[in-house]
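Open your viewer, load the model and keep the selection tool at hand. We will walk from one stop to the next, with a short note on what to look for at each.

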Amino acid sequence: MSKKLTKREEDYSKWYNELVVKADLAENSSVRGCMVIKPYGYAIWEKMQNQLDQMFKDTGHQNAYFPLFVPKSLFEAEEKNAEGFAKECAIVTHYRLKNDIKNPGKLIVDEKAKLEEELIVRPTSEAVIWNTYKKWIQSYRDLPILINQWANVVRWEMRTRLFLRTAEFLWQEGHTAHETKKEAINEAILINDLYADFAEKHMGIPVIKGLKSDSEKFAGAEETYCIEALMQDGKSLQAGTSHFLGQNFAKAFDVKFASKDGNLDYVWATSWGVSTRLMGALVMTHSDDNGLVLPPKLAPIQVVIIPIYKSIEEFNAVQTYIEPIIDKLKSKEISFLFDKRDTYKPGFKFNEHEMKGVPIRIVAGPKDIENSSLEIFRRDKMEKELINFDDVFSKIDFLITDIQNNLFEKAQSFTNSNIRNAYTYEEFKDLIKNKGGFVSAHWDGTVETEEKIKKETKATIRCIPIDKVKEKGSCIYSKKPSKQRVLFAKAY
RNA sequence: CGGGAUGUAGCGCAGUUCGGUAGCGCACACGGCUGGGGGCCGUGGGGUCGCAGGUUCAAAUCCUGUCAUCCCGACCA
């Protein structure tokens, strides 16, 4: 297993190349750790955006946009949050350049243009948003506020990794304000469930819903709900988080409202987000040795049609032959590409679209015209089949749902077969080291134990599963009593 | 910031031990044959060998410095 998985890990970068390239803008410059998203990759992101956005709207949320820059004084208002992000901030200190007299044609920072107060490039927007909410909220009648923002954020990580941890990334961040604690907790859970649904039903990525332990919690949160997904190499990836923020930000930004019974109360808050990291999850979950594999719901091209011909006459005949298919694909809003490029051979096109993960391929040539047939190919199973021309649409409809389901089920059974119980610490270490995947084990609930296990095995508590049946036991490390099993894994 | 490795054509690499005219594969351009799985043959274009300094008649190769990248730690969506 491990050999194959090592190969997979190397392959990730190859798969990414269809979607994204490392930003390589200037020599010696620190734009490193950023990525350029290619059109094909961005098309996937747009699909994810649209589908998620619809889910947010269906649950009563609205979009808005807040500034990129956070004045330092706002940033430091919520102490824990500020502390959590302090070590990875990009900071704007000046607002003007001038010509360098010693070095004609070059520019230098104009020291006279130093900002009175530094601006932080947002690593997350709680500070800016709560400073704004303060002005928007007076009464319980103004609540709840359910706002989402699609934006870029910057986190100056020491080590970056394409898709999974780039210095700048795209995401959506939701920020809500509520009248009661219960309502805010419900919102955080609602969104975590929504993320899980999106991951499983749209991306075909099985996830485990859970709560983060104290040390893995978002800086400034009371509770962090999360979804964790297992990648093909046995490492876990945090795919999305939804935080119950309590009244921490309301207190930090002094956001009070007049309640129904006339009291002045602090509001209750949540925040939640998923990022372009999800695209990394998509790649690492489904791709195989032939390249990307995309679920039909997110594939920029769902069906590719490749004509086979030797002469212009033959091409024209093939084009006429498949015209009804193209018309119907259009009317059914199935995204397709009729790849009529004459500059590439059919075999090249087959491979290219396989590498790009196009779910369905249709091939039509002179033989098909003669037999009124078509060749249809499904990317997930790499199987081709000769079908009657008239059956093409029932087949496409079938494949679109079947590929979507098959990808999920395949990933689901992989995940399930890689969740193992550990009963002793020895067994635990062995599983983490030699098998990977999730290890379900009892934990005494203390940060100290978690830290020690992390130091000794590199495994962290990915989550305290929500859906799991509670079972009492004793901690594998300290032997102290434990209320339930938690999931450990090595993580990205 | 600690430990390890690497920088040579757009990409992937050889050449460095032992100094002597800059190479290969892919990609690119042109011509022809091809066309139901990355096809074949021929021709051609493209490189301040990461950067700076030093040693030498002569440096991709040796020495010093420096910058960057990747991997492993600390950090993290």
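In which sense do strand β11 and β24 pair, and over how many bridges? Select residues 208-211 for β11 together with β24, and you will find an antiparallel pairing over two bridges. Here two strands pair if DSSP finds at least two bridges between them, and elements are DSSP runs numbered from the N terminus, with helices being H or I of at least four residues and strands E of at least two.

Before going on, some ground rules: this is a predicted model, in which local features need pLDDT of at least 70, side-chain atom pairs count only at pLDDT 80 or more, and totals for chains, interfaces and linings use all residues. Residues are numbered from 1 along each chain as its sequence is written, chains are lettered from A and ligands numbered from 1 in the order in which they are written, and side-chain values use heavy atoms, with hydrogens and water left out.

**Stop 1: around β24**

Stay with β24 and show residues 460-465. Six of its six residues are buried, where buried means under 20% relative accessible area, exposed over 50% and partly exposed in between (1.4 Å probe, protein chains only). On the β11 side, look for L211 opposite I464. Then add residues 485-489, which form β27; three bridges join this strand to β24 in the antiparallel sense, and I461 stands opposite F488 there.

**Stop 2: the open sheet**

Now widen the selection to the sheet that holds these strands. It is open, has 11 strands with mixed pairing, and follows the order β3-β9-β10-β16-β13-β12-β11-β24-β27-β23-β22. At its edges stand β3 (62-63) and β22 (419-421), each with a single partner strand, so one side of each has no neighbour in the sheet.

Next, select 145-154 and 168-178, which are β9 and β10: they pair antiparallel over 10 bridges. Within that pair, W150 faces Q172 across the strands. Helix α2 (residues 39-58) packs on the sheet, touching β3, β9, β10 and β16 (268-275), and its direction makes about 160 degrees with that of β9. A contact means heavy atoms within 4.5 Å; axes are lines fitted to C-alpha atoms, for helices over the stretch in contact, and angles run from 0 to 180 degrees between N-to-C directions. Bring in residues 277-286 as well: this is helix α8, lying across β13 (236-246) and β16 and running at about 145 degrees to β13.

**Stop 3: G41 and K356**

Zoom in on G41, which is in helix α2. Is G41 buried or exposed? At 0% relative accessibility, G41 counts as buried. Beyond its neighbours within four places in sequence, G41 is in contact with E18, L19 and M279. You can also check the C-alpha distance from G41 to N17, which is 9.2 Å for a sequence separation of 24 residues.

K356 sits in the loop between α10 (346-355) and β19 (360-364). Outside the four-place window, K356 touches E18, Y40, L292 and L294. Pick the C-alpha atoms of K356 and L292 and your distance tool should read 5.4 Å, although the two are 64 residues apart along the chain.

**Stop 4: β19, β20 and β21**

Select 373-378, strand β20. Why is β20 largely enclosed by the rest of the structure? Six of its six residues are buried, so the rest of the structure largely encloses this strand. S373, E375 and F377 point one way, while L374, I376 and R378 point the other. With β19, strand β20 pairs antiparallel over four bridges, and R361 has F377 as its bridge partner. With β21 (residues 383-388), β20 runs antiparallel and shares six bridges; E375 stands opposite L386. Four residues lie between the strands of the β20 and β21 hairpin, where M382 takes a positive phi near 55 degrees.

**Stop 5: two helices**

Show residues 126-136 for helix α5, where eight of the 11 residues are buried, among them W130 and Y133. Finish at T449 in helix α14 (residues 447-457). T449 counts as buried at 5% relative accessibility, and touches W443, D444, C475, Y477 and S478, not counting residues up to four places away in sequence.
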